[in-house]
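Hi,

Here is the structure I promised to pass on. Have a look at it, and then read on for what turned up.

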Amino acid sequence: MSASAIFVLDLKGKVLICRNYKGDVNMVEIDHFLPLLMQQEEEGLLCPVLSRGNVHFMWIKHSNLYLVATTNKNSNASLVYSFLYKIVEVFTEYFKELEEESIQDNFVVVYELLDELMDFGFPQTTDSKILQEYITQEGTKLEVAKSKVPTTVTNAVSWRSEGIKYKKNEVFIDVIESINVLVNANGSVMSSDIVGSIKLKTMLSGMPELRLGLNDRVLFALTGRDKGKTVVMEDVKFHQCVRLSRFDSDRTISFIPPDGESELMSYRINTHVKPLIWIESVIEKFSHSRVEIMVKAKGQFKKQSVANNVEVRVPVPSDADSPKFKTSTGTAKYVPEKNMVVWTIKSFPGGKEFLMRAHFGLPSVENNELEGKPPITVKFEIPYFTVSGIQVRYMKIIEKSGYQALPWVRYITQSGDYQLRTNV
């Protein structure tokens, strides 16, 4: 079982819009949602499921809205939450920003979407690309389109329309890995992992079958091969187009792709990662009249690779003024509203070292030392490079008309949550 009704509320608990799917929960029950929520907040017992009698409220907060599902059955909570987040995703696709104003400005479209997203409490068509084929934002088109529902809604493949044609058939595969690193003030790596995603831009005619091969250690073990570098992926999540039973049985990633851009899969690799850009810093305060900062950045990745648009963000005291900078490369800029210096290096080759010096004046009045010690953070992107060593070994494209198609693969490594703590 899923939801009885879906409500969108403002932060004061006022119902902006709602859709009753099953009629087995009194719609006035929603009036109890906010008082229950506030009571639990006061008691420090805030929970994603609130109950009153036999009525359960499952809720999420997004921007200045609460999205609430009601039920009086033992519903599948994970399905309901997935659906609530899917509503946010679809509405954001339609209205760019999902907030109170966008709901008020688009009542008709919101009702249409709620009707198509769920039927009698069960999720139906939840792919925004397919919904956009027959629910448009112009009211006149909306009425015309209602009589002609695309076949994708009734197809086994609900995420792809039939009859797609391209002059040139191509697939672009982006393997994007984000590195999360936390380094303590002594220079030891406290935590690190890699979060990856494989994104597709599919420009293929017809209804093609795609098979993607990766250097997956489990696959190599299953087939008795263990040659070269392999990776162990955890927390693997797939787009709905992937045949999960096939992946579970023989680790083959087999699918009919959505047209255009989509995220095929995401994964995590829990491994010790050497920080790709290493930062050393010396911060000296002189009798509360000035502060001097020296930051050294070193590229700890292979020399043939280059990090682009590197930003080293160095925290400074909130009362600092009169900034002076000296850099061996790039530019340094003081951002007073964020109490930081941003050192930008457009192109940072592997193995290179660069230096930045900053000098700030401080007021003569001693500043309170309760500011805490924010870490240095780093942003970067390294093309044609993956830390994990993941590789696309092959992409097979099979379509009944037998056309030839070209797969293009691109690898990108970027910073995720990348923090280096300082002593000062």
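How much accessible surface does the protein chain have, and what share of it belongs to carbon and sulfur atoms? The surface comes to about 22100 Å², and the carbon and sulfur share is 50%. Do keep in mind that this is a predicted model.

First, the overall picture. The protein chain has 424 residues, and 45% of them count as buried. Its C-alpha trace spans about 75 × 60 × 45 Å along the principal axes. You'll find eight helices and 23 strands in there. If you look at contacts between residues with a separation of 6 or more, 69% come from residues 24 or more positions apart. As for charges, there are 51 positive and 51 negative ones, and their mean positions lie 9 Å apart.

Now to the part I'd look at in the viewer: an open sheet of five strands, paired antiparallel, in the order β2-β1-β5-β4-β3. β2 (15–20) and β3 sit at the edges with a single partner strand each, so one side of each has no neighbour in the sheet. From one strand to the next, the twist averages 20°.

Let's walk through the pairings. β3 (residues 49–52) meets β4 (residues 55–62) over four antiparallel bridges, with Leu50 partnered by Phe57 of β4. These two strands make a hairpin with two residues between them, where Gly53 has a positive phi near 65°.

β4 then pairs with β5 (residues 65–71), again antiparallel, through seven bridges. One of the partnerships here is Trp59 with Val68 in β5. This is another hairpin with two residues between the strands, and Ser63 in its turn takes a positive phi of about 55°.

And what does β5 pair with besides β4? Six bridges join β5 to β1 (residues 5–10), and the two run antiparallel. Val68 turns up here too, since Phe7 stands opposite this residue.

Two helices pack on the sheet. Helix α1 (residues 33–43) touches β1, β3, β4 and β5, and its direction makes about 115° with that of β3. Helix α4 (residues 107–117) touches β1 and β2, with its direction at about 30° to that of β2.

If you want a place to start, try Val68: this β5 residue is the bridge partner of Trp59 and has Phe7 opposite.

Cheers

Definitions and conventions
Residues numbered from 1 in each chain as written. Predicted model: local features only at pLDDT ≥ 70, side-chain atom pairs only at ≥ 80, totals over all residues. Heavy atoms only, no water. Buried < 20%, exposed > 50% of the residue type's maximum accessible area, 1.4 Å probe, protein only. Contact = heavy atoms within 4.5 Å. Areas by Shrake-Rupley, 256 points an atom, 1.4 Å probe, with all protein chains shown as cover. Lys, Arg positive; Asp, Glu negative; His and termini not counted. Charge placed at Lys NZ, Arg CZ, Asp CG, Glu CD. Pairing = 2+ DSSP bridges. Axes fitted to C-alpha atoms, helices over the stretch in contact; angles between N-to-C directions.
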